[in-house]
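Me: I'd like to go through this one with you, feature by feature. Can we start with the cysteines and work outwards?

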Amino acid sequence: MIYKVETIKDGTEKYFFIRNLETMSIEELPSKYLMHKIKCKRSPNTVKRTAFSICYYICLLYTSPSPRDRTRS
């Protein structure tokens with residue numbers, strides 16, 4: 001699965017969300033967490049860094065073999 005961090009600018013606020021590019025749907029829970037960070041008045045750079053970190057780890061989880069597969073080798 002391929003995920004991408006996208007932004008929407010609403011006036012002076014910047015909103016970040018994570019989109020699944022295969023289905024073009026927004027991942028709900030990570031995006032809710034990012035919205036929570038924005039509402040807590042975190043720096044936009046902090047929220048952006050968090051968004052890219054979450055996106056990286058989601059992609060890593062889907063592409064890496066499961067621990068069960070690693071023990072059988």
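Me: How do I read accessibility for Cys40: is it buried, partly exposed or exposed?

Reply: Buried means under 20% relative accessible area, exposed means over 50%, and partly exposed lies in between (1.4 Å probe, protein chains only). Cys40 has 39% relative accessibility, so it counts as partly exposed. Keep in mind that this is a predicted model: local features need pLDDT of at least 70, side-chain atom pairs count only at pLDDT 80 or more, and totals for chains, interfaces and linings use all residues. Residues are numbered from 1 along each chain as its sequence is written, and side-chain values use heavy atoms, with hydrogens and water left out.

Me: And how many disulfides are there?

Reply: In general, a disulfide is a covalent bond between the sulfur atoms of two cysteines. The working rule is a pair of cysteine sulfur atoms within 2.5 Å, and by that rule the count here is zero. Take Cys55: its nearest cysteine sulfur belongs to Cys59, 4.5 Å away, and Cys55 is in no disulfide. Cys55 is also buried, at 8% relative accessible area.

Me: Which secondary-structure pattern does the chain follow?

Reply: Helices (H or I, at least four residues) and strands (E, at least two) are DSSP runs, numbered from the N terminus. This chain has three of each, in the pattern β-β-β-α-α-α.

Me: What order do the strands take in the sheet?

Reply: Two strands pair if DSSP finds at least two bridges between them. The sheet is open, with the order 1-2-3 and antiparallel pairing. Strand 1 (3-10) and strand 3 (25-26) are the edges, each pairing on one side only. Strand 2 (residues 13-20) is joined to strand 3 by two bridges, and Asn20 has Ser25 in strand 3 as its bridge partner.

Me: Which strands does each packed helix touch?

Reply: Contact means heavy atoms within 4.5 Å. For directions, axes are lines fitted to C-alpha atoms (for helices, over the stretch in contact), and angles run from 0 to 180 degrees between N-to-C directions. Helix 1 (residues 28-39) packs on the sheet against strands 2 and 3, at about 170° to strand 2. Helix 2 (residues 44-63) packs there too, touching strands 1 and 2, at about 155° to strand 1.

Me: Last one: what does the C-alpha trace span?

Reply: About 55 × 25 × 15 Å along its principal axes. As for burial, 25% of the 73 residues are buried.
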